[in-house]
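User: I would like to go through this model with you. Could you begin with the vocabulary I will need?
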Amino acid sequence: MRSNHVRLNCGITMPLIGLGTYSFPNDRNTTELAVHYALEMGYRHFDTAKIYGSEPALGKALNEAICEGVVEREDIFLTSKLWGSDHHDPVSALKQTLENLGMEYLDMYLVHWPVKLKPWVNYPVPNEDDFEKLELEKTWAGMEKCLEMGLCRCIGVSNFSSKKIESLLDYASTTPAVNQVEMHPMWRQERLRKTCGDHKIHVSAYSPLGGPGNAWGSTAVVNHPIITSIALKHRATPAQVALNWGLSKGSSVIVKSFNQERMRENMGSFDLRLDDEDMLEIEKLEEMKIMRGEFHVNETTSPYKTIEELWDGEI
């Protein structure tokens, strides 16, 4: 197995750095161009979701590259996600995603959030009356059906706390291969990483730099004096330090930049080697939760009344 890949519990390998394709506003041409650049730089793991609106652009760029002989489909690792409004029928949702992408299968299909929404809710920030009671056992059975039908090679979850992982495992016939969550040097997810590790569930980190440039994000990670000092010590960039920290913890990282210089910089994080002193210094950073899930919290209609309840007290 190549050193820049991880073997998942479903038996397949996944590149440790993935390119996220969320952007706002979503511009198809910009996304397509970024994917072509990413392929040239060596990216082989691409992350999308129905709610991102980037599936068609990502699929078009990948299919063009495959047709031109730049890459083979077998060398691509493609992830998408089940939105909350599709919990009633994951199979149909995945078939639509594959149509959007122009692909025959996904490598990974994730439950995007532990939240069920009414079928017409196809926007990222739900309203008060958009929530329905989550019946995760039924949702997961639908995800397992996707796997049985060959529509995807692995299934997993996203934004699941330790408690929700343990609950899912009570009835799951197939253990999730991945739990994709926000994770970076200022939200280190120690408890969750231990729970997932105990069950051989790989933790994949989104917003591994703290989400700078996003509405919910912050530059606190890459601008922190400890991170910048370690970067100076290794003649690296703060972004490379943050990414290599995640890789050193055994996680994969989903980076989101369409800027060519930053895309190359992010791939360069493989070349950095943080030492024990660096890792201890990073442990001193004050925890800072970005709270990306706050739009799934509502005091009256959501199953989660607070952000702490969504994460079962793990923040």
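Analyst: A residue is called buried under 20% relative accessible area, exposed over 50%, and partly exposed in between. Please note that this is a predicted model.

User: Which of these words fits Tyr22, then?
Analyst: Tyr22 has a relative accessible area of 24%, so this residue is partly exposed.

User: And how many aromatic pairs are there?
Analyst: The structure contains one aromatic pair. Its members are Tyr22 and Tyr52, whose ring centres are 5.4 Å apart. Their planes stand at 70 degrees, and over 60 counts as edge-to-face, so the pair is given that name.

User: Where do Tyr22 and Tyr52 lie?
Analyst: Tyr22 belongs to the loop between β3 (17-20) and α1 (28-41), while Tyr52 belongs to the loop between β4 (45-47) and α2 (55-67). The pair therefore ties together parts that are 30 residues apart in sequence.

User: Is Tyr52 buried or exposed?
Analyst: Tyr52 is buried, because its relative accessible area is 8%.

User: New topic: which ring does Arg73 lie over?
Analyst: Arg73 lies over the face of Tyr105, 4.1 Å from the ring centre. Elsewhere, Lys256 has its charged end over the ring of Phe258, at 4.3 Å from the centre.

User: What about Glu144, and which helix holds this residue?
Analyst: Glu144 is in helix α4, which covers residues 136-148. Glu144 is buried and yet has no salt bridge. The nearest side chain of opposite charge is Lys145, 10 Å away.

User: What does Glu144 touch?
Analyst: Leaving aside residues up to four places away in sequence, Glu144 touches Ile155, Ala172, Ser173 and Thr174.

Conventions:
Residues numbered from 1 in each chain as written. Predicted model: local features only at pLDDT ≥ 70, side-chain atom pairs only at ≥ 80, totals over all residues. Heavy atoms only, no water. Phe/Tyr/Trp six-rings, centres within 6.5 Å; stacked < 30°, edge-to-face > 60°. Helix = DSSP H or I, 4+ residues; strand = E, 2+ residues; numbered from the N terminus. Buried < 20%, exposed > 50% of the residue type's maximum accessible area, 1.4 Å probe, protein only. Lys NZ or Arg CZ within 6 Å of the ring centre and 35° of its normal. Lys, Arg positive; Asp, Glu negative; His and termini not counted. Salt bridge = Lys/Arg side-chain N within 4 Å of Asp/Glu carboxyl O. Contact = heavy atoms within 4.5 Å.
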